[in-house]
Amino acid sequence: MTDQHDAEKQQVHDFWNRASCGEDLYLAGSDRTAFVAQAEARYRLEPYIREFAQFDTAKGLRVLEIGVGLGADHQQFAEAGAELYGIDLTERAVAHTRSRLTLFGLSSNLSTGDAEHLDFTDNSFDRVYSWGVLHHSPDTPKAIAEVHRVLKLGGCARIMIYHKWSMVGLMLWLRYALLAGRPWLSLSSIYAAHLESPGTKAYSVAEARTLFTTFSEVRIKTVLTHGDLLESGAGQRHSGLALSLARRIWPRRLIRWLFPNAGLFMLIEARK
Ligand SMILES: C[S@@+](CC[C@H](N)C(=O)[O-])C[C@H]1O[C@@H](n2cnc3c(N)ncnc32)[C@H](O)[C@@H]1O
């Protein structure tokens with residue numbers, strides 16, 4: 001690995017180790033009540049997660065989750081009775097998820113780890129699940145190659161990565177390119193600098209197909225999110241008057257009607 005790649009990975013680590021995803025907005029403590037409330041908020045704002053993740057079908061399966069974050073989805077897999085493994089680049093996320101599972105009397109094999117170098121043998125999982133993670137890692141193609149390597153033949157990856165042509169992307173571009181007097185800035189550079197951890201990427205559907213080309217069957221769909229529709233707190237980096245104003249006038253019904261595919265989340269189901 002190059003020094004630059006290591007430095008980028010360190011920045012990603014440091015960003016998410018300051019606060020796990022959703023921690024500032026939705027986790028109001030460290031007891032059972034706080035974790036229950038965080039999970040309720042998550043599945044209310046992102047109802048499509050349950051259908052996509054198919055937690056209830058995981059009983060007895062060897063499941064690896066990459067990038068556990070606060071651990072709400074990990075808890076669902078544990079409750080479903082999966083033989084469960086989870087990693088995250090940050091100590092903070094692993095600690096949250098570990099204490100969450102302990103509070104609910106559940107267990108998993110949790111450790112810090114890097115999606116680009118999975119510490120698991122080839123062909124060892126029935127399912128690999130990862131929600132909103134692999135686009136943060138500097139070498140996303142390497143992380144996807146690792147998902148493919150550790151899956152058993154016939155095993156399924158369910159991965160959410162960011163979709164480039166989204167309303168969130170448009171808003172960020174308006175704010176950080178057009179209104180900043182730099183309309184020549186590319187959407188990719190805006191995502192990398194302003195969405196979440198430094199270097200975050202977003203892909204077109206065609207680019208995602210290329211990323212998953214080694215898989216035998218790939219299904220991709222995009223969803224309009226609470227972020228695209230400005231229906232929630234906008235993440236840990238965004239606030240201010242312009243955003244408050246935009247929230248009041250955002251044409252949600254029109255967007256749903258005219259641009260149903262312009263969502264930030266790209267849901268990828270890929271079979272090895
Ligand atoms: C946006 S959060 C998503 C967390 C969780 N899946 C969720 O939906 O709330 C991104 C997570 O990915 C983790 N992450 C980033 N790069 C990673 C890598 N290379 N390997 C493992 N985890 C990584 C971060 O530490 C962070 O916890």
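**Ligand shell and a helix pair**

In this predicted model, 18 residues surround the ligand (a residue counts if one of its heavy atoms lies within 4 Å), and the closest are Arg-42, Gly-67, Asp-88, Ala-115 and Ser-137. Residues are numbered from 1 along each chain as its sequence is written. Local features need pLDDT of at least 70, side-chain atom pairs count only at pLDDT 80 or more, totals for chains, interfaces and linings use all residues, and side-chain values use heavy atoms, with hydrogens and water left out.

Biologist: What makes the pair between Asp-88 and the ligand a polar contact?

Modeller: A polar contact is a pair of N or O atoms within 3.5 Å, and a polar side-chain atom of Asp-88 lies 2.6 Å from an oxygen atom of the ligand, so the pair meets that limit.

Biologist: Why are α5 and α6 called oblique to each other?

Modeller: Helix α5 (residues 72-80) and helix α6 (residues 91-103) pack at an angle of about 40 degrees; angles under 35 degrees count as roughly parallel, over 145 as roughly antiparallel, 65 to 115 as roughly perpendicular and the rest as oblique, and therefore this pair is oblique.

Terms used
Polar contact = N/O pair within 3.5 Å; in protein donor to acceptor, adjacent residues only side chain to side chain. Axes fitted to C-alpha atoms, helices over the stretch in contact; angles between N-to-C directions. Helix = DSSP H or I, 4+ residues; strand = E, 2+ residues; numbered from the N terminus.
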